[in-house]
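Work through these short exercises with the structure at hand. Each task is followed by a solution in steps.

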Amino acid sequence: MPAEPSESSEPESPESAPPVPARLDGLPSRLLALAAMRAERVVGEKLAGADSRRWHYAVLAVLAEGGPASQAELSRRTGIYRSDMVAVLNELAQRRHVERAPDPDDRRRNVVTLTPSGRRHLARLDGLVTEAQREVLAPLTDPQRAELIRLLGRLTAGGHP
């Protein structure tokens with residue numbers, strides 16, 4: 001049985017790749033997956049230029065908008081598994097972008113707070129993410145971008161209007 005290509009493998013150039021069968025070429029699920037892979041790659045490359053990852057950005061954004069939060073709350077609001085959240089917070093704390101302290105109401109849990117350094121770093125990451133969005137959506141006009149965002153919002157809401 002041949003091995004499946006890894007997610008990180010680069011696709012063949014259009015000149016050397018065989019044509020995509022029509023039954024695959026028009027599948028919305030396939031097109032969404034390909035677009036998502038490209039978007040993740042572009043965003044990841046931009047964030048890597050600032051020695052960051054998308055999970056760093058997500059945690060900093062949640063803290064900036066919602067204020068201090070427990071690790072469990074950060075996990076729920078970002079979609080990062082609790083077991084992975086500890087590593088993300090360790091990296092951010094090591095860089096002094098967040099601080100962890102015992103919750104005064106429940107000493108068994110930590111409260112995570114965004115630091116001034118974290119706010120500055122988030123501002124830099126915001127700029128990089130904006131650049132990445134422009135790059136990913138470059139083939140679309142402004143009205144098409146707005147419509148795509150609206151439609152993707154509907155899809156990610158489970159199809160509810």
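**Exercise 1.** Find the order of helices and strands along the protein chain.

*Solution.* Read along the sequence: the pattern is α-α-α-β-α-α-β-β-α-α. Next, tally the elements: seven helices and three strands. Helices (H or I, at least four residues) and strands (E, at least two) are DSSP runs, numbered from the N terminus. The model is predicted: local features need pLDDT of at least 70, side-chain atom pairs count only at pLDDT 80 or more, and totals for chains, interfaces and linings use all residues. Residues are numbered from 1 along each chain as its sequence is written, and side-chain values use heavy atoms, leaving out hydrogens and water.

**Exercise 2.** State what share of the protein chain is buried.

*Solution.* Take the cut-off: buried means under 20% relative accessible area (1.4 Å probe, protein chains only). Apply it to the 161 residues: 23% are buried.

**Exercise 3.** Determine how many contacts between residues at least 6 apart in sequence join residues at least 24 apart, as a percentage.

*Solution.* Count a contact where heavy atoms lie within 4.5 Å. Keep the pairs at least 6 apart in sequence; 51% of these join residues at least 24 apart.

**Exercise 4.** Which residue lies over the face of Trp55?

*Solution.* Use the rule: NZ of Lys or CZ of Arg must be within 6 Å of the ring centre and within 35 degrees of the ring normal. Arg54 fits, at 4.5 Å from the ring centre of Trp55.

Methods. Buried means under 20% relative accessible area, exposed over 50%, partly exposed in between (1.4 Å probe, protein chains only).
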